[in-house]
Amino acid sequence: MSFELPPLPYPHEALEPHISRRTMELHHDQHHQKYIATLNDLIQGTPYAEATLDQIMRQTASRRSQHDHAIFNNAGQSWNHTFFWHSLSPDGGGAPPAPLADRIDNAFGSYDQFRERFAEVAGAHFGSGWAWLVLDGNKLVVTSTSDAQNPLVKGKVPLLTCDLWEHAYYLDYQNRREDFIAAFLDHLIDWQHVGMRLERAPQLEEVR
Ligand code: FE
């Protein structure tokens, strides 16, 4: 089995002015595509060729060999990017609707405190990586991971992610990562997708 680049769930320009069409063309059509093409090359002729993306990530997470390490990185980046596209909506951002609002209030005190926590964790993350809202046991937690890492392989359920690699924001925001994170929080989060993930959390296996 070889993997294919999943189409964006909206047109390339749909997230403007917060993320430009050009950024989406490069990020989805070039960067995401390249991770998938590299993954396909790496798994060809190995037992991973028959596995799902989730299975590949779990099985290579300990990165026993350099080959496993490369497979993990490209599988992780393939998974994380697909999840990122679904974390975004042209009509997103701001406070979540009920009943998700209650879950956020209970976990963080208020939506404003959640927003502050997410901005702090994402802003403080050093280097390339991802900021996440995850379900850890029964608890909603904000965390970040480096490079291609994904909380899934640590037994947590990803609910939302923000790409912190420079390619995600450099064309539109240059070095102002905090402005990109603010745009993500205030205008782009697809809370409907987060709610759907949370509802299905016990059965979640696949990326969507
Ligand atoms: Fe990216």
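These legends go with a set of close-up views of one predicted model. Residues are numbered from 1 along each chain as its sequence is written, and side-chain values use heavy atoms, with hydrogens and water left out. Because the model is predicted, local features need pLDDT of at least 70 and side-chain atom pairs count only at pLDDT 80 or more, while totals for chains, interfaces and linings use all residues.

**View 1. The iron site and its four protein donors.** The iron ion is held here by H27 (NE2), H81 (NE2), D163 (OD) and H167 (NE2), at 1.9 to 2.1 Å. (Donors are N, O and S atoms within 2.8 Å of the metal, or 3.2 Å for Na, K and Ca; water is not among the atoms, so sites may look incomplete.) Angles between the four donor atoms run from 88 to 128°, so the arrangement is tetrahedral; that label needs all angles of four donors to lie between 85 and 135 degrees. Read along the chain, the donors follow the spacing H-x53-H-x81-D-x3-H. Two of them come from distant parts of the chain: H81 sits in helix 3 (residues 66-87) and D163 in strand 3 (residues 157-163), 82 residues apart. (Helices are DSSP runs of H or I with at least four residues, strands are runs of E with at least two, and both are numbered from the N terminus.) H81 is buried at 0% relative accessible area, and D163 is buried at 0% too. (Buried means under 20% relative accessible area, exposed over 50%, partly exposed in between, with a 1.4 Å probe and protein chains only.)

**View 2. A salt bridge between helix 7 and helix 5.** D186 and R115 join their side chains in a salt bridge, 2.8 Å from N to O. (The rule asks for a side-chain nitrogen of Lys or Arg within 4 Å of a carboxyl oxygen of Asp or Glu.) This pair ties together distant stretches of chain, with D186 in helix 7 (residues 177-188) and R115 in helix 5 (residues 111-124), 71 residues apart. D186 is partly exposed at 31%, and R115 is partly exposed at 23%.

**View 3. More salt bridges around the chain.** The count comes to seven salt bridges. One of them links D68 and R64, at 4.0 Å from N to O; D68 is buried at 8% relative accessible area, whereas R64 is exposed at 66%. D179 pairs up with R176, their closest N and O atoms being 3.0 Å apart. Here D179 is partly exposed at 31%, and R176 is partly exposed at 32%. Then there's a network of salt bridges linking E13, R21, R22 and E25.

**View 4. The hairpin of strand 1 and strand 2.** Strand 1 (residues 129-136) runs antiparallel to strand 2 (residues 139-146), and the two pair over eight bridges. (Strands pair if DSSP finds at least two bridges between them.) L135 stands opposite L140 in strand 2. Two residues lie between the strands of this hairpin, and G137 takes a positive phi near 70°.

**View 5. Where domain 1 meets domain 2.** The domain assignment splits out domain 1 (21-87) and domain 2 (100-200), with bounds that come from an automatic or database assignment. Their C-alpha centres lie 20 Å apart. The contact takes 22 residues from domain 1 and 26 residues from domain 2, where contact means heavy atoms within 4.5 Å.

Conventions
Four donors count as tetrahedral if all angles lie between 85 and 135 degrees; four count as square planar and six as octahedral if opposite donors are over 155 degrees apart and all others between 65 and 115; anything else is irregular.
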